[in-house]
Structures are given as structure tokens and as C-alpha cells.
Amino acid sequence: MRAVVDHVELAPPPGSLPGSPTEPSPPAAAIATVRPRTSAASRAVTLVAVVVPPLGVLSAAGLLWGVAVRPLDLVCFAVLYVATGLGITIGYHRLFTHRSFEACTALRVTLAVLGAMTLQGPVTQWVTDHRKHHARSDIEGDPHSPHLSGAGVAGAVRGLCHAHVGWLFSSKGMERGADWGADLYADRPIRLVDRCYLLWVVLSVAIPFLVGLLAGGTVALGVEALVWGGLVRIFAFEHATFAVNSICHTFGSRPYDARDESRNNWLIALLTFGEGWHNNHHAFPRSARHGLERHQLDLSWLVISALGSVGLARSVRMPTPSQRERALRRAELARAG
Ligand SMILES: [Zn+2]
Ligand SMILES: [Zn+2]
């Protein structure tokens, strides 16, 4: 791999984010309202919410095998899950939101289109929401914190529901995009991708349908591929991504003092190609690599690294070993104190 490593700054204090407008810092009391640890009840609810739906889908696939699920359907599911998922993790998140590397227009547009095919909204809206999340993480103004919905078991459950899907109906897209994503509003190819959003939505289900139709020769097999490679795949990746907002701010380890409730969760990292190393990410938001330890699998980073080795990703940012060392020491001191 070429020398593509650049240093990256630590997490900015709440209220400021590179490339976003400066917000007034919240009072210290607002930070102190975050509960010190997750309740047992909310952990149990989270565990059920995470484990049961995928088991249901796997059971359905097993029961329907040979009847309404075939190998081609699973190939459509897997290929589109990975391709469109990387559009979110590498494109929407690491490239467009955090500018953790630079890429040519063709690659930027490709990643924006693939990300749109997950049905998580136009890239500009996604980016503005996510930049606000980092600037106000787990304090008042965070669009999807699980920790701002009241005390007790009821508050914990309400918070998890809000962070997972509730916020999509209440606080999603509430920001003035031009304030939080001025760089993207000035990016004409990306604005064009945004304006064609519905086209990418149609493509997201039309592609598996056409594959099933052409390979199987019947409309029924086209519809079958559309269901597994389109609808089920969109459902699966959506909830994996939503879990980064809910689970990864509730459930997992916190090696770094990121000034919020972000956690590292290996299961979510596996399902989201590295995004589950969320405490690492909040500690070093501009790092292109989230799985900072050797054992922390981060498929998105491996792809960015490969793109860097052929010159398609430039100015790739990563924390230096001494930055990580200092951050870990600070976290240890904070825990001890
Ligand atoms: Zn977060
Ligand atoms: Zn982020």
C-alpha cells in the first residue's frame, strides 16, 4: 500500500466539527445528564431487538428454501448488501461526512449512488444529520441519542426506540443542510445525485428484479429476487445501520474517552463493515480506519486501503500511534478519577 497515512485530530469538543458551523458549547451540566451506565432492562430489550428479527428472517429463508428462496436470491442479497452498504460506510460516512480521504468525482458519484440505494435518504441530508450527531453527541440537540428520553426503565426503552427508528419520524432532516453541509451544497455532481434520489431507489429494487427475470426466465423468479435482493436486503442493512445509533451508544466497550456514550460493538461492526467500532470513531472522527486494533475487523477500511494502493483514495487520515496512546491514557485517567 502507498504511504497514504495522515494524522488526524482527536474528537472535537461538542459544538464544533471541522467543516460545520461553530455551535456554542453546551453547559457542563448538559453533559452530566448522560446516565453513567446502561440499565439491565435496556440491555435485555436491546438484546431481544437485535437477535430476534434476524433469527426470524433466517427461519423464513430456511422454511422457504427451494420454494421461494434460491441460490440466485442469496447472491443478489449478498452482492447488493455489500455494494450498497459500502456506499454508506465508505461514501456517505467516511468520505462525505468526515472527509477522511479524498477521491475523484467518478468514485464520489459512484459511492453516493450506492449509498442512496440503501434508501437511507439523499447523501446531503444524511451527512447533515450525522455531522450534527457528532457535534452534539448524547447531549441536547443530538438527532438520535438513546440517552435523552427520560430516566428509569421507561426512559431507557423510549431512548432506544428513538435512537433506532423513532428519530426518523421526528428529528431526521431537520437541519438546514446548507449550514451543516456547505461543502456538499457546493458540489454540483453530488447535488445532481441528490436530485435523482428516486431514480436510485427504483434501481435498488429493479436491479435484483432484472437479474432474477433474466437468469430465471420468469416474472415470478424476478419478483422472488426482488424480495430477497431488494426488500429484505434493504431491511437488513437499514437495521444494521440503525443499530449503530442505538446499540453502539448503549452496549459495548469504551476504550477511549470520547466525551459521549459511544461504544465499540463487534457484532454491529461485523454487520456494518466496521462502523460498530463506534467509540474509536467518536474518539477519532476523521480517521478513515475505525477498527484501530489489529483484531478489529473493518472491511470499509480494507477497501479504502486497497483504493489508496491504486491511487483512488488520497490523503487518507488516521491517528498516529502516539495520538492513540495519549487518548487511551486520558481515558484511563478519567476512569480512575
Ligand atoms: Zn455515534
Ligand atoms: Zn461519524
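Colleague: Let me get the terms right: axes are lines fitted to C-alpha atoms, for helices over the stretch in contact, and angles run from 0 to 180 degrees between N-to-C directions. With that settled, at what angle do the axes of α3 and α5 cross?

Modeller: At roughly 60°, and the two axes come within 10 Å. Please keep in mind that this is a predicted model.

Colleague: What does that angle make α3 and α5 to each other?

Modeller: They are oblique, because angles under 35 degrees count as roughly parallel and 65 to 115 as roughly perpendicular, and roughly 60° falls in neither range. The crossing of α3 and α5 is right-handed.

Colleague: Which residues meet there?

Modeller: On the α3 side you'll find Tyr-92, His-93, Phe-96 and Thr-97, and they meet Val-123, Trp-126, Val-127, His-130 and Arg-131 of α5. By class, this contact has five nonpolar residues, three polar ones and one charged.

Colleague: Let me zoom out. How many helices and strands does the protein chain have?

Modeller: There are 15 helices and two strands. The protein chain has 337 residues, and 47% of them count as buried.

Colleague: And how much of the contact comes from residues 24 or more positions apart?

Modeller: Among contacts with a separation of 6 or more in the protein chain, 68% are between residues at least that far apart, 24 or more positions.

Colleague: Back to single helices. What is α4 like?

Modeller: Helix α4 covers residues 105–116, which is 12 residues. From its first C-alpha to its last it reaches 16 Å, close to the 16 Å expected at 1.5 Å a residue.

Colleague: Which of its residues are buried?

Modeller: In α4 those are Leu-111, Ala-112, Val-113, Leu-114, Gly-115 and Ala-116. They pack against α3 (71–97), α5 (123–135), α9 (188–195) and α10 (197–216).

Colleague: Since you mention α10, how does α10 pack with α11?

Modeller: Helix α11 runs over residues 219–246, and α10 packs with it at an angle of about 145°, with the axes 7 Å apart. That crossing is right-handed.

Colleague: Which residues of α10 and α11 meet?

Modeller: From α10 they include Ser-204, Val-205, Pro-208 and Phe-209, and from α11 they include Val-219, Leu-221, Gly-222 and Ile-234. The contact of α10 with α11 has 12 nonpolar, six polar and one charged residues.

Colleague: How does α6 pack with α11?

Modeller: Helix α6 (residues 152–170) packs with α11 at an angle of about 140°, and their axes are 8 Å apart. That makes α6 oblique to α11, and their crossing is right-handed.

Colleague: And the residues that meet in that pair, which are they?

Modeller: Leu-160, Ala-163, His-164 and Val-165 from α6 meet Phe-242, Asn-245 and Ser-246 from α11. By class, that is four nonpolar, three polar and no charged residues.

Colleague: One last residue: where is Glu-238 found?

Modeller: Glu-238 is in helix α11. Glu-238 has 16 other C-beta atoms within 10 Å, so it counts as partly exposed: buried takes 20 or more, exposed 12 or fewer.

Colleague: What is Glu-238 in contact with, leaving aside its neighbours within four places in sequence?

Modeller: Thr-118, Leu-119 and Gln-120. As for Thr-272, it is 34 residues from Glu-238 in sequence, and the two are 9.8 Å apart in space, C-alpha to C-alpha.

Conventions: Residues are numbered from 1 along each chain as its sequence is written. Chains are lettered from A and ligands numbered from 1 in the order in which they are written. This is a predicted model: local features need pLDDT of at least 70, side-chain atom pairs count only at pLDDT 80 or more; totals for chains, interfaces and linings use all residues. Helices (H or I, at least four residues) and strands (E, at least two) are DSSP runs, numbered from the N terminus. The expected span of a helix is 1.5 Å times one less than its number of residues. Two residues are in contact if their C-beta atoms, placed from the backbone, lie within 7 Å. Angles under 35 degrees count as roughly parallel, over 145 as roughly antiparallel, 65 to 115 as roughly perpendicular and the rest as oblique. A crossing is left-handed if the near helix is turned anticlockwise from the far one by less than a right angle, and right-handed if clockwise. Ala, Val, Leu, Ile, Met, Phe, Trp, Tyr, Cys and Pro count as nonpolar, Asp, Glu, Lys and Arg as charged, and the others, Gly among them, as polar.
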